[in-house]
Amino acid sequence: MANTAPSASPPVVAYLRWLLLGWLLAAVSQMVTASTVLQPLSDGDKEAIAGYFVADADGFYGSLQETYHAVKALEILERSDVESQKICEAVVKSSPISVEDAFYVVKITEVLQCPQGAEVAKVVVPILQADVVNANSLLELHYSVGALATIKGWSSNSVVHKDALSDVFTLLKELARPDGTWHYSKSDSESSVKAAGLFPPFSFPTTAIVLHLFWQSQNVCMIACIGSVKTAAIKLFGNLESHGQGVFYFSESKDETSQGGGALAATWAVLRGSAALAAVLPVNLKVEKEKVFGIANFLLRTGLALSPTEAFYQLDSLSVLEDYRPAVPIIVQPSSILSLNSNNNLEVAVTTVLGKPVPQVEVALVSAHHIGADSPPVWSSQNFNYIEDSGKYGFDFLSAISGLGKYKLRLEVKPKEHSSYTSGGLVTSSVTVVSAITVSNVQLAVLDSDSGIPDFSAVLDFEKQEKTSLSANHLQKLRLSFELTSPSGSSFKPQQVFLKLVHETHVEHLYLVKSSGKGFELTLDFLGLVEKLQYLSGTYSVVLIVGDETMENSFVWTLASLDLDLPEAPEGTALPPTVPVEVNARFAPKPEIAHIFRQPEKRPPILLSNVFLGLTLLPLIGFFVGLRYLGANIKLFPTTGLLGVAAFSFHGAIASILLLYFLFWLKLDLFTTLKVLGFLALLTLLPGHSILSYLADLSTKQKTS
């Protein structure tokens, strides 16, 4: 179960990785532009991430590193399906041969709280202590010092000597650069953002551990080092890159030991490292809250990860932001739809990036404007109340609202005193106020083309979805009129109002219904529509379609069945299009075909078949009787030597051919029978020639004598 480091990625793979990152960041920018409301990690996202980690029969999830990623991610997701006991037993039995293996054995033991911690420490401490003395790179320091510090938390015994700690801190100062980046090793000429983070060589966690151990050892020189370490950490955040719209991330061009991950891995590395450093520094890291929220913006808008490793990066980064000392980003999610019928409150959910409620804030509605209306704000400077039952913040938004439509909201979240929460500034969102619309005075009439007098008229009830039957010809008209009323009593103008005529052959014709005064009206003159209707007489369904995003009761209502009589098409007129095939019928499963080459013939009764079988055997019996009558014998049948072998082979081959004929009659097909018959013919030819030649010579000798 050793965890070997992968080889460097080929140039083509690295190029594709950065190409994918560029596309991803472009997509993130488009998503941010489309929606300014950030969403926390949903239950569906958590379930999808958990699906990346599947254990084998031993309870492991691959290598030691992959197993650590899995158990850590599942711990964050609060999953209970991890076989902790089985993994702990396997970890104890493993034999780590490298400092990297030892590190992940210790980290797995820590996450699962294995009771065999003392046994693990006894095996790995000698490996780790030897590496601390001989370490020349951040990678080695991270594995050895990090694992030893974890083991020290299990017992009060010192596992790292003061002199070794001093040498470690000296090496860290040699690898650090003034801009906050770090060299991977002494021989490395380039510096890296990721080297300052956590994976693979991580300076900040290592520095944090050394500081913590030195303070426990009451080392005075460490006080002077605090300022330089803090300055380096703050400068590192100056390397943040932005793709606009409040998205911040760290990028990484040096990828020799990063094992992939790109910007996601680099961002995770710095977050994890700076969090470890902030936890031990006596002074807070002054990182701009907008940048911390921008990092959360990047992590939540990248979508689901493409691999278990990236899933770990994303999930562990978000878990760090849950309790990030410089600033904790919070997500503000207002209601998107409010109904005048139910008179519900405007609710705002304030959560962490992983979806946990945040009650220690104050939520205020800065302003609310009706989109598309030239009017002053309908609300301004209103505070929300915290709702204990739901863990959300509520406000009676509809009490001053009379019109349906979209309202632009500007929300402000104010953390309480000494709180480090940040929402990234004012939150801009929109809420749609909807309601059921009253449909009344629905009238359908057939008019005379000349006089306009109704030949037939029907008033339909929308609540009962009534339907009527009509008949008309090309010299008449069809008129539809109805009214739509909003809850305030004013006339309602929906976005979509159509009348559809559907012929019995599924040919459809769509007509726009325009508003007329307080209602809507449409008149169809069939004389002018004869050509558009393609001279198709027959039964039409008259369907009314009304829809709007603010209507709770948008509908498709079949008003009538219209029997329309149109004149015959003139000679040479193009025929109407063929009946369209329904999509469901086209792609539905086809009926199963049970193909039979030939129906079996009717067979005779069993008794008759047995009688016929007996009659066919009579000639064979007569053959044997005739042989005995003629005095046939086998006295000259050779039984020794090559002639005996040939005789037995020849008769055996003849018997095999007869058996083959029987099998052919019973079950074999013609092609198989011919193949076997060709083989048996060769076996019959050679011994048959020998034995027949012998009999001919024998007969000749008898005649001459």
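Start with the whole chain: of its contacts with a separation of 6 or more, 69% join residues 24 or more positions apart, a contact being heavy atoms within 4.5 Å. The model is predicted, so local features need pLDDT of at least 70 and side-chain atom pairs count only at pLDDT 80 or more, while totals for chains, interfaces and linings use all residues. Residues are numbered from 1 along each chain as its sequence is written, and side-chain values use heavy atoms, with hydrogens and water left out.

Colour by secondary structure next. The chain has 17 helices and 24 strands; these are DSSP runs numbered from the N terminus, with helices (H or I) of at least four residues and strands (E) of at least two. Of the 705 residues, 43% are buried, where buried means under 20% relative accessible area with a 1.4 Å probe, protein chains only. Switch on the surface: about 38600 Å² is accessible, and carbon and sulfur atoms hold 57% of that. The areas come from the Shrake-Rupley method with a 1.4 Å probe.

Select residues 99–112, helix H5. Its 14 residues reach 20 Å from first C-alpha to last, close to the 20 Å expected at 1.5 Å a residue; the expected span is 1.5 Å times one less than the number of residues. In H5, 13 of the 14 residues are buried. Step on to Gln113, just after H5, where phi is positive at about 55°.

Now look for enclosed space. Rolling a probe the size of a water molecule over the atoms shows where empty space is left. The structure holds one cavity of 30 Å³ or more; on a 1 Å grid over the protein atoms alone, a cavity is a set of points where a 1.4 Å probe fits but cannot get out, and lining residues have an atom within 4 Å of a point. The largest cavity contains about 40 Å³, a volume being the space filled by probe spheres set on the points, which are joined across faces, edges and corners.

Select its lining: Val91, Val92, Ser94, Pro96, Val105, Glu119, Val120, Val123 and Val124. Seven are nonpolar, one is polar and one is charged. Here Val and Pro count as nonpolar, Ser as polar and Glu as charged. Helices H4 (84–93) and H6 (117–134) each supply at least two lining residues, and H6 gives the largest share, four.

Finish at residues 641–666, helix H16. Its end C-alpha atoms are 37 Å apart, which agrees with the 38 Å that 26 residues should span at 1.5 Å a residue. Show the side chains of its buried residues: Gly644, Ala646, Ala647, Phe650, Ala653, Ile657 and Leu660. Add helix H17 (670–704), against which the buried residues of H16 pack.

Note on methods: 1 Å grid on protein atoms, 1.4 Å probe; cavity = no way out; pocket = protein on both sides within 12 Å on 5 of 7 lines; lining within 4 Å. Buried < 20%, exposed > 50% of the residue type's maximum accessible area, 1.4 Å probe, protein only.
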